[in-house]
Amino acid sequence: MHPTVELRAKQSLTLTPRLQQSVRLLQLSSMEFAQELRNALDTNPFLEFDDGQASDETETQDDNLNAATLDGTAGDIASAEFADAASSLPSDVATDVTNYEAAGEGQDVPAEVIADALADTPERDSLTGADFPVDPYAQRSNRNDGDDNDPTEWIHAKATLREHLHESLRMCAIGDRDRIAAQLIIEALDDDGYLRQSLDELTELVTLDPPMSEEELHVALMLVQRLDAPGLAARSLSECLSLQLQALPDDTDGRAVALKIVNEHLDRMARRELAELQRQIGCTGDEIRTACSLVRRLDPRPGDAFGRDENNYIVPDVIVRQIKNRWVVQINPAVQPRTRIHRMYAEMFAQSGSTSRSPLAQQLQEARWLIRNAQQRFTTIQRVAECIVAHQKAFFEYGEIALKPMVLRDVAEELGLHESTVSRATGNKYMATSRGIFEFKHFFPRELGTESGGTCSSAAVRALLKEMIDAEDATSPLSDVTLAKLLADQGVIVARRTVAKYRRLMKVPPAEMRRQTVPA
């Protein structure tokens, strides 16, 4: 057998760059999408902020450009036709023959194609900013390097947990191996400050000669635990609370008893078995109460104090209003894109005679894609939101208890979209309603069976549980078994462990911890 060279022609299915951008924009949240537009305005010279105030001269130029006829090369026409055809396909089913891109290589971009890029389209018409408040900071770009600075750049950013610990570690006079071991411990910490990886696993992540031992990592762990805030780098809740107690002065009231509680009897304290604690430790009731009060003042998640935003805002993507007994879905004007093609720069490029492979030609095409894909993003989000509102109309009138079971497949089949497209359109998207702001995913509760053979949603079951717990006697709270029986009396058959899971999701403690004693 001798090696041979063989040419074969075949077709393959791939996502075009434009459709890849469409998929990526659809899955972004409103804040991430706004940042994406801001970056595009800053880096692409063919994009500008659209304030909705076009001058007469610009309108005249628009008429001249729209009068042009598309008689460009076959490769350019094929490119334009394919892009328009692909825009009508679902994002996850779009196709592209890979030979297409080679057809237009090395050819100039005629002025008519530039005119097509600048021509008014339905997407352009719907993106005018006359109905929206002007954002004075959206006009900032690299082409305007004056004093128009974004004030958010001056906001103080809190150091993250790892940055804080690395800064403290730099002040320690230790050897290179110990420093590497301590840095490894810091990087392995979770955001809440706990170390959940075992030391033997961490030894495999660093290559040193001789190899790092588990004893060296244990010494480094003790160093990190004493760097700054007590309780960091703990491997359990008990160790976290113990480290914080050890950092208190020795004469702190209840410190010794509190150390015994967190090290040996933390579960008894959680169940409020004060009498049993007093018998096990051998102290008075006042000492137990003082120690328990001291433990409750400790921080079980010390890492949360670092690198957390004090104000976390949610910008809804759609707004649902009731107009004449109809629930109407509208895209939030605050998140609508306000960008357009910079006509002067586009005309200068058209007159320059640059080739289709030049960087400017690519940027012009990317600007056009961004505007169309942005509009397609909001069209898909609105269609999905309208479908959700139509299915969950009872929720907007009666609340959580009226939520119906629904899955992504129901919306996908009704709208003729791929299920993954619906998943992207509902992820990190929010809906402002008269009952509050809800994530799209909130309207997709799973289905539960009833005694009559019907179905109800898990959200409706949680609403029933909340009503039962709110109406219970504080001195004799309802157990999970009792709650399951009460639900069964109403025709909803759920297991006790399901009730316990829903109770934990609602952040409701068990019956033993909800019980309130009546003073004698």
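**Loop between β6 and β7**

I looked up R446 and found it in the loop that runs from β6 (436-439) to β7 (447-449). The model is predicted, and I read everything below as computed from it. R446 has 43% relative accessibility and so counts as partly exposed, the range for that label being from 20% to 50%. I then asked which residues gather with R446 in a patch of positive charge. They are R496, R497, K501 and R504, and the patch is on the surface.

**Helix α24**

Since R496 belongs to the patch, I went on to α24, which covers residues 496-505. I noted which of its residues are buried: T498, V499, A500, Y502 and R503. R497, K501 and R504 are in the surface patch instead. An α-helix has 3.6 residues a turn, so residues three or four places apart point the same way. Just after α24, K507 has a positive phi of about 60 degrees.

I checked what R503 meets. Its side chain forms a salt bridge with that of D480, at 3.0 Å from N to O. This pair links distant parts of the chain, with D480 in helix α23 (residues 480-489), R503 in α24, and their positions 23 residues apart. Are the two partners buried or exposed? D480 counts as buried because its relative accessibility is 13%. R503 is buried as well, at 6%, since the label needs a value under 20%.

**Other salt bridges**

I counted 20 salt bridges in the model. One of them joins the side chains of E48 and R340, at 2.9 Å from N to O. E48 sits in strand β1 (residues 47-49) and R340 in strand β4 (residues 339-341), so far as the chain goes 292 residues apart. R340 has a relative accessible area of 15% and is therefore buried.

A further one joins D470 and K466, at 3.1 Å from N to O. Both residues lie in helix α22 (residues 458-470), four residues apart, which is about one turn of the helix. D470 is exposed, with a relative accessible area of 54%. K466 is partly exposed, with 48%.

**Strands β2, β3, β5 and β6**

I went back to β6 and looked for its partner. Strand β5 (residues 430-433) pairs with β6 in the antiparallel sense, over four bridges. Y430 has E439 in β6 as its bridge partner. The two strands are joined by a hairpin through two residues.

What else does β5 pair with? It pairs with β2 in the parallel sense, over two bridges. There V318 stands opposite M431 of β5.

β2 (residues 318-323) also pairs with β3 (residues 326-331), in the antiparallel sense and over six bridges. In this pairing V320 is opposite V329 of β3. The hairpin of β2 and β3 has two residues between the strands, and K324 in it takes a positive phi near 55 degrees.

**Helix α9**

Last, I looked at R177, which lies in helix α9 (residues 176-188). R177 is partly exposed, with a relative accessible area of 26%. I also noted A220, 43 residues from R177 along the chain, with 9.6 Å between the C-alpha atoms of the two.

Note on methods:
Residues numbered from 1 in each chain as written. Predicted model: local features only at pLDDT ≥ 70, side-chain atom pairs only at ≥ 80, totals over all residues. Heavy atoms only, no water. Buried < 20%, exposed > 50% of the residue type's maximum accessible area, 1.4 Å probe, protein only. Patch = residues over 30% accessible without salt bridge, like charges linked within 9 Å, V, L, I, M, F, W, Y side chains within 5 Å. Areas by Shrake-Rupley, 256 points an atom, 1.4 Å probe, with all protein chains shown as cover. Salt bridge = Lys/Arg side-chain N within 4 Å of Asp/Glu carboxyl O. Lys, Arg positive; Asp, Glu negative; His and termini not counted. Charge placed at Lys NZ, Arg CZ, Asp CG, Glu CD. Pairing = 2+ DSSP bridges.
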